[in-house]
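Reader: I should be grateful for a close examination of a single helix in this model. Please then set that part in the context of the chain and its partner.

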Amino acid sequence: MSSAPSSQQITSLYETTRAAMNEANPDLGGIKTRLSQLKIGIVQITMQNSQVTHDPTFQLLKRSILEMGAEFSIKTGHIAGFERYLAQLESFYFDNKLGLAESKVMYPLIGLNLLRMLSENLIADFHTTLERIDLGQLQSNQFIVHPVKLEQALMEGSYKKVWQARAEVPTPEYLFFMDILMATIRNEVASCVEKSYASLPFSDAKSVLFFNSLDELLKFANEHHWTVSPSEKRITFPSAVDNTRQFQGENIMKQSLLYAQELERIV
Amino acid sequence: MSNNESASMDVEVTPEQKKAEERRILVEDISRNVKFLERGIAASEIHYIHRALRVVSALRKRLQPDVLGEVITTYLAAANQQVVSDCLKSILESLGQHAGAAVASAKVCEPEVAMYFGLLAQLLLLDGNEYERGAHVSHVLVAMVSSTQRRTLDPVASRVFFYYSRFFEVVDRLSDARSSLLNALQTATLASMRETKAMLLTLLLRNYMHYKLYDQAERLAAKTSFPPDAPNNLLARYLYYMGRIEAIQLNYSQAQLHLLEATRKAPLNATTAGFQQTVHKVCVIVDLLMGNIPERSLFRIPILKKPLQPYFELTQAVRVGDLSQFQEVVHRYQDKFLQDQVLILVQRLRHNVIKAGIRSISVAYSRISLRDICLKLHLDSEEDAEYIVAKAIRDGVIDATIDHEKGFVKSAEIHNVYATSDPQHAFDKRITFCLNLYNESVKSMRYPGGDHRKELAYADEAIKREREFAQELENEDFDDDVDGDAMDEDL
């Protein structure tokens, strides 16, 4: 069994990796191997000396490594990895027992995590996380305000605002999740449009669904089984069948039987 | 002269006499309750123990450390278990009393009795703001619960845990109590101490929610089951916490159900006013989030009227669908909502306001331009209005179609509700509720322990009487004449 590396070794390894991350064209493969070395090192140190969890400098190092990992996952588009790093970081951000100085990337990362939840439609998690954020930050921190405003716009249905919010991202990293969110929104809009319009001309449909070209629109219409008529340049939506007036025999039967059973028990 | 003298005598003696009298009554009350406890232990009947605990709150106002110390000393000599006597000693220590000369009494000091004294000591320390010592004695008591594990200890232990957690709460160190509460939950579950388990669950939920750990609270609730026969006041508290967690996680229908039940389980009187107010505050917001408007009469109930004023104004804004009025109310009462920890929930209401606005427009106009909607609802742009209306149509808020080229919204004809199955659904909901209520009440009925034997005896007697009667019938033929004679005599 290899002996655990010392804290100094880990620190120097972290610094070189950090430098590699900051390069214009980072060598992603190399960083990945170094990152896993760092993580193993941290675990080994903790295993050997459990007292180290109360050491602020060590905890600070651990937090920086995890933050770098989260950043790296965004760069490589590894969403599950990002989620794991954030789950570990949460104890540093919300349960600060050692009194560490607040991390500079804390709010950007939390904001990113909020955006991830929105893009995966995890609204309940989104709100649970919101509850833990300090109210002052909630109203003024640009990294947090952005996803919060997005969520409000989504709930209202102001999809235009969501679309515009793409141009107002606080850091470029947000774009990664914004793009995922856009696909979700387009589907949302599609389901709304289906119900509320009888038909739409091509040009209007294109702008409503945020498409740049006609081909994309036609492909999308095909996927949703909309009727396209090229001569009139129109998309017609299938009208929803009104089945509320149908007699739901089976349901009524079930209910009556249940009542009979319960009444029998009473009498 | 003599009259005057006796009057002055009265004045001189009264305070001392009164004090001595008070002490005597207090000692008597405590020992009466201890008797109830002992009877409960002997018969393993929980409700004797409950009777002793019911008067604790009345006793709390009159408690005096030296009297309690005196009573404990008399029991200390009788403690035959090491745990119990250690426990009693540390209670005495925490009260600042010394174990005096041990007066041997014939009785045995049961752990329940020691626990009861511990509970009284906790109350004294809490009222005397001695949190450090209170926390210390609570630790000792909690340790005794886990080492003793008796079913008759259950009701006393649950109250001891309540004050244990309270000591940590007043010094704002709730997170330190969490692990021992979790341990105790495990023990209580294994020893099937139902009341303690119910208490621990509510305490833990409160603990998590204090730190806004809704995620963990939800997981705890999902992994455990709340004892079905827990006392109502614990159940009401548990339901309230559940309602809050679910409201935050957008599970509004469940939240509404739980909050409503919480208000019904707790009685509506002066002592529960605080609870009722807190629950109703959240309940109103959840109601609004669901798209319902709470009854006007709710805001007229005397104990709710004043604290619910901001919520009343909020409701009015949502009902009218006026976005600017809504924002004004939220702004004005921001601190209040923050204090009630509902601000984030309130902010979610924004789109409900818009929905209500759209609905009232759709009812009033058969055809309206998007531009007018935009102006009426104070929206930012026509495009936004179009998307919002489209979403409202999809969500079933209104029944209408949009004409994109001409830029107007056309409402569909209002169809007759009674032609759909909606009324049936409504009836079904009510019927199910009534049936559930009936079943619940049957389940919660209590039957005294030995009663079926009485009934058996009664049945035996009936059989015997039947037999006698049959015999009589048989004999009747012979007795006819005799009876006839007797009747003659009567006449």
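Author: Helices here are DSSP runs of type H or I with at least four residues, numbered from the N terminus. Just after one such run, α5(B), residue G96(B) adopts a positive phi of about 75 degrees. The model is a predicted one.

The helix that precedes G96(B), α5 of chain B, covers residues 82-95 and contains 14 residues. From its first C-alpha to its last, α5(B) reaches 20 Å, which is close to the 20 Å expected at 1.5 Å a residue.

Several positions of this helix are buried, a term that requires 20 or more other C-beta atoms within 10 Å of the residue's own. The buried residues begin with V84(B), continue through C87(B), L88(B), S90(B), I91(B) and L92(B), and end with S94(B) and L95(B). Three helices of chain B receive these buried residues: α4 (65-76), α6 (111-127) and α7 (131-148) pack against them.

At the level of the whole chain, the domain assignment divides chain B into domain 1 (24-171), domain 2 (231-348) and domain 3 (361-417). Taken over C-alpha atoms, the centres of domain 1 and domain 2 of chain B are separated by 39 Å.

Chain B also touches chain A, in a contact to which chain B gives 31 residues and chain A gives 32 residues. On the chain B side, the elements that supply two or more residues are α11 (214-223), α20 (350-364), α22 (382-394), β2 (400-403) and α23 (422-443). Of these, α22(B) gives the most, with nine residues. Sorted by class, the side of chain B that touches chain A holds 16 nonpolar, seven polar and eight charged residues.

The partner, chain A, is assigned domain 1 (1-18 + 26-103), domain 2 (105-196) and domain 3 (198-238). The C-alpha centres of domain 1 and domain 2 of chain A lie 27 Å apart. Where these two domains meet, domain 1 of chain A gives 12 residues and domain 2 of chain A gives 10 residues. On the domain 1 side, α3 (56-76) and α4 (79-94) of chain A each supply at least two residues, and α4(A) gives the most, with six residues. That side of domain 1 of chain A comprises eight nonpolar, two polar and two charged residues.

Technical notes: Residues are numbered from 1 along each chain as its sequence is written. Chains are lettered from A and ligands numbered from 1 in the order in which they are written. This is a predicted model: local features need pLDDT of at least 70, side-chain atom pairs count only at pLDDT 80 or more; totals for chains, interfaces and linings use all residues. Domain bounds come from an automatic or database domain assignment. Two residues are in contact if their C-beta atoms, placed from the backbone, lie within 7 Å. Ala, Val, Leu, Ile, Met, Phe, Trp, Tyr, Cys and Pro count as nonpolar, Asp, Glu, Lys and Arg as charged, and the others, Gly among them, as polar. The expected span of a helix is 1.5 Å times one less than its number of residues. A residue is buried if 20 or more other C-beta atoms lie within 10 Å of its own, exposed if 12 or fewer, and partly exposed in between; C-beta atoms are placed from the backbone.
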